[in-house]
2 protein chains.
Amino acid sequence: MRIGELAKQSGVSKDTIRFYERFGLITSSASNTQTNRYREYSEDALFTIDLIADAQAAGLTIAEFSMILAQLNAQTDDDFDGEAFLTEKITQVQTRIEQSKRFLTTLKQTRKALRHATRKPSPL
Amino acid sequence: MRIGELAKQSGVSKDTIRFYERFGLITSSASNTQTNRYREYSEDALFTIDLIADAQAAGLTIAEFSMILAQLNAQTDDDFDGEAFLTEKITQVQTRIEQSKRFLTTLKQTRKALRHATRKPSPL
DNA sequence: CAAAACCATTGACAATAGACCATGGTTTTG
DNA sequence: CAAAACCATGGTCTATTGTCAATGGTTTTG
């Protein structure tokens, strides 16, 4: 599919897709017709875009996510310790989830307090 | 306590503390001696800084967090619907937690795959 | 075929969350 | 007391994650 279709289906903008592609997060093949330079995406791109959203929600940057992708693709020719990196990220994400849960509790308590505090006089 | 002490105890930099204070997230009283302009913080500031960390982990911006604080302080003289705002944030944080959990699973699977894939030949 | 719709590239712009630096006061300490 | 350590203010700078606009080519459509 072309970028417009992918944008529609994924819910992110075309600019965002090109941005992700510049960082190697998604890939496209050259269009079959050689006359244009349109990008052609597979269904995988859709999956990846969802994954990026999750990764960002979990607090990872684009740069970090691209390293994870490299692990997935097993481009581990170098001496980079992918397992240690993954373990570190796992710990960080777990911490972040705990913090988020704690804050969620705070939010709920705040709402409850607000409900009891701001009972506006009924307009009778 | 003064800013240096608060920075040490909270683990954030003095600049960060001043940054938070500019946005009204924490407050300080003027120092008792009138000769200087040093900020004086109470223990509350420590608590608030931890809360900010949680809020940020949960995906809130400083601006959003300051609105929550306004709710906590019941500065609800205006017609701003604090409860609706809180409910919206609660939903967003819940969504984010779900995304983070999903991504955590992905990370763990990736690590497991990596472990089995990259068994380097033992150096014998 | 001509207009509308789509796409690529480039570069400028924006918001967020600080870090950093210079300058000049204030306190603490040896 | 003098140096070291601390603090305030103001301004600049940075990274991240996009968005927007301009320009020019390609496809689709009525």
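Two residues are in contact if their C-beta atoms, placed from the backbone, lie within 7 Å. Keep that in mind as you look through these views of a predicted model.

**View 1. Two domains of chain A, and where they touch.** The domain assignment splits chain A into domain 1 (1-65) and domain 2 (81-117). How many residues of domain 1 of chain A are in contact with domain 2 of chain A? There are four, and they meet four residues of domain 2 of chain A. On the domain 1 side of chain A, the touching residues comprise two nonpolar, one polar and one charged. Taken over C-alpha atoms, the centres of domain 1 and domain 2 of chain A are 28 Å apart.

**View 2. Chain A from start to end.** Five helices and two strands make up the secondary structure of chain A. Following the sequence, you meet them in the pattern α-α-β-β-α-α-α. Chain A has 124 residues, and 23% of them count as buried. Now take the contacts in chain A between residues at least 6 apart in sequence: 50% of these join residues at least 24 apart.

**View 3. The meeting of chain A and chain B.** Here 36 residues of chain A are in contact with 36 residues of chain B. On the chain A side, α3, α4 and α5 of chain A each give two or more residues. Which element gives the most to this side of chain A? That is α5(A), with 24 residues. Sorted by class, the side of chain A that touches chain B has 17 nonpolar, ten polar and nine charged residues.

**View 4. The axis between the two copies.** A turn of 180° with a shift of 0.0 Å along the axis lays chain A on chain B, with an RMSD of 0.1 Å. The two copies are thus related as by a two-fold rotation axis. To find the axis in chain A, look for A:I97, whose C-alpha is the nearest to the axis in that chain, 3.0 Å from it. The same surface serves both copies, as 100% of the contact residues of chain A recur in chain B.

**View 5. The largest nonpolar core.** This core holds 40 residues, and B:I52 and B:A55 touch the most other members. Both chains build it: α2 (14-22), α3 (43-57), α4 (62-72) and α5 (82-117) of chain A, along with the elements of those numbers in chain B, each give two or more residues. The largest share, six residues, comes from α3(B). In chain A, domain 1 (1-65) and domain 2 (81-117) each contribute at least three residues to the core. What does B:I52 touch, once its neighbours within four places in sequence are left aside? Its partners are B:Y20, B:L25 and B:F65.

**View 6. The surface near DNA strand C.** Around DNA strand C there are 19 residues, of which A:R2, A:G4, A:R39, B:N36 and B:I62 come nearest. Two or more residues of this surface come from each of α1 (3-10) of chain A and α2 and α4 of chain B. By class, you will find five nonpolar, eight polar and six charged residues here.

**View 7. The surface near DNA strand D.** DNA strand D is surrounded by 19 residues, and the closest are A:N36, A:I62, B:R2, B:G4 and B:R39. At least two residues of this surface come from each of α2 and α4 of chain A and α1 (3-10) of chain B. The residues near DNA strand D divide into five nonpolar, eight polar and six charged.

Technical notes. Residues numbered from 1 in each chain as written. Chains lettered and ligands numbered in written order. Predicted model: local features only at pLDDT ≥ 70, side-chain atom pairs only at ≥ 80, totals over all residues. Core = buried A, V, L, I, M, F, W, Y, C linked by C-beta atoms within 7 Å. Buried ≥ 20, exposed ≤ 12 C-beta atoms within 10 Å, placed from the backbone. Helix = DSSP H or I, 4+ residues; strand = E, 2+ residues; numbered from the N terminus. Domains from an automatic or database assignment. Nonpolar A, V, L, I, M, F, W, Y, C, P; charged D, E, K, R; others polar. Near = placed C-beta within 6 Å. Least-squares fit on C-alpha atoms with pLDDT ≥ 70 in both.
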